[in-house]
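Notebook open, coffee poured. I want to go through this one piece by piece and jot down what I find.

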Amino acid sequence: MAENKQEKEVLISIKGLKTYYPVKKGVFRRTAGYVKAIDDVSFDIYRGEILGVVGESGCGKTTMGKSILRLIEPYGGQVLYSFPDGRKDIFSMPKKELDAARKKMQIVFQNPYSSLNPSFTIFGTMQEPLIRFGMKSKKERKEKIASLLQDVNLPPEYMERYPNEFSGGQRQRIGIARALSVDPEFVVCDEAVSALDVSIQAQVLKLLKELKEKKNLTYMFITHDLSVVEYISDRIVVMYLGHIVEMAETQELFENTLHPYTEALLSAIPVADIDKRRKRIPLQGDVPSPVNPPSGCPFHPRCPKCTEICKTEIPQAKTIIRNGQEHMVCCHLAENLK
Ligand code: SF4
């Protein structure tokens, strides 16, 4: 994405997003604490971009995607969506208005095997959202589904078949067609290619890029795979323990990595060219429990560059401008960067 920030239109503005789950204890199931799955996260999503979200399992990336769509009820914050009649907070919408707004926001799930109902034909599964959003004529629904299947490079006659008649790649194409059936403008792709073989992954990624151009879509692309996110994303958010630790345009993030966690993730990407390989930075242990997160910088128990201040003081987000682009990082080491 070559344009400057000033030229981009904000589609969704996420402000102070918190998704906490209560931890209940005792006979009376009193709330004894919270699992802070997402803890005070703020960023913008620009219209027409592919925003990659990466991090290890348990970092909160899937929870964040679902929270933005309000498939999980948030604990706090705002998700301001730009509708034609102005910006509205998804979190404070009454149910009826939220249902209508959902037409604009869809999700493609990770597992194509479990996201399709095995007892319905593809037509049966795909017509559900069309009926919900008011397409009464069966003939119209058939025509729409035929066109959607063609969009994902499947023959229209496949709509009469059942999910068990398809390969994993074909099922994921059907999942994508279903998500696009109500003509959304924002799609969360939650580990959408992770369950597929590598050769099929490449085909589905190419398809997602083509559909984005053809239908003017905006994607939030959630994955643990750094190679995939480098290929598909315009901009990348790196998450750790419910926080954003780094965010920048893709090339900038890969070439001028600032956060030690991102450095470690990038060092683990397999690279065929021996001259381009990074020195491997092994990460010790697992992501800590969000019920009882570490003091100071949440990454400090695993950080190879940890200093005394990291153990007690939470680093603040710092945004620097490089080549006209914003690069945000949350690390004490970056505090004096200009
Ligand atoms: Fe590592 Fe300290 Fe930076 Fe956290 S603040 S990432 S512990 S150097």
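Before anything else, a cut-off I need: buried means under 20% relative accessible area. I also remind myself that this is a predicted model.

**Entry 1: Thr 125**

I looked up Thr 125 and found it in helix 3, which covers residues 122–132. Is Thr 125 buried or exposed? Its relative accessible area is 3%, so Thr 125 is buried. I then checked a spacing: the C-alpha atoms of Thr 125 and Ile 174 are separated by 9.6 Å, and these two residues are 49 apart along the chain.

**Entry 2: helix 1**

Next I went to helix 1, residues 61–68. How many of its eight residues are buried? I get six, so I'm noting this helix as mostly covered, going by the under 20% cut-off. The buried ones are Lys 61, Thr 63, Met 64, Gly 65, Ser 67 and Ile 68. A general reminder for myself: an α-helix has 3.6 residues a turn, so residues three or four places apart point the same way. Just after helix 1, I noticed that Arg 70 takes a positive phi of about 60 degrees.

**Entry 3: strands 1, 4 and 5**

I followed the pairing from strand 1 (residues 10–25) to strand 4 (residues 76–83): antiparallel, with five bridges. Ser 13 has Leu 80 as its bridge partner in strand 4. Strand 4 also pairs with strand 5 (residues 86–89), again in the antiparallel sense, over four bridges. Here Tyr 81 is matched with Lys 88 of strand 5. How many residues does the hairpin use to join strand 4 to strand 5? I count two in the connection.

**Entry 4: strands 6 and 7**

Then strand 6, residues 105–108. Which way do its residues point? Met 105 and Ile 107 go one way, Gln 106 and Val 108 go the other, and all of them are buried. Strand 6 runs parallel to strand 7 (residues 186–190), and four bridges join the two. One bridge I wrote down matches Met 105 with Phe 186 in strand 7.

**Entry 5: the largest pocket**

I moved on to open space. The largest pocket holds about 500 Å³, and 23 residues line it. Which residues lie nearest its centre? My list reads Asp 39, Asp 40, His 243, Ile 314 and Cys 330. Strand 2 (30–46) and strand 10 (243–249) each supply at least two lining residues. Strand 2 gives the most, with five. Sorted by class, the pocket lining comes to 14 nonpolar, six polar and three charged residues.

**Entry 6: the cavity and the ligand**

Last, enclosed space. I find one cavity of 30 Å³ or more. The largest cavity has a volume of about 70 Å³. What takes up the space of the largest cavity? The ligand does. Around the ligand I see His 259, Pro 260, Cys 297, Phe 299, His 300 and Cys 303, along with Lys 305, Cys 310, Pro 315, Cys 331, His 332 and Leu 333. By class, that shell has eight nonpolar, three polar and one charged residues. I pulled up the lining of the largest cavity as well, and among its residues are Cys 297, Cys 303, Cys 310 and Cys 331. The cavity lining divides into eight nonpolar, three polar and one charged.

Methods:
Residues are numbered from 1 along each chain as its sequence is written. This is a predicted model: local features need pLDDT of at least 70, side-chain atom pairs count only at pLDDT 80 or more; totals for chains, interfaces and linings use all residues. Side-chain values use heavy atoms; hydrogens and water are left out. A residue is near a molecule or strand if one of its heavy atoms lies within 4 Å of it. On a 1 Å grid over the protein atoms alone, a cavity is a set of points where a 1.4 Å probe fits but cannot get out, and a pocket is an open set with protein on both sides within 12 Å along at least five of seven lines; lining residues have an atom within 4 Å of a point. A molecule sits in a cavity or pocket if more than half of its atoms lie within 2 Å of its grid points. Ala, Val, Leu, Ile, Met, Phe, Trp, Tyr, Cys and Pro count as nonpolar, Asp, Glu, Lys and Arg as charged, and the others, Gly among them, as polar. Buried means under 20% relative accessible area, exposed over 50%, partly exposed in between (1.4 Å probe, protein chains only). Two strands pair if DSSP finds at least two bridges between them. Grid points are joined across faces, edges and corners, and a volume is the space filled by probe spheres set on the points.
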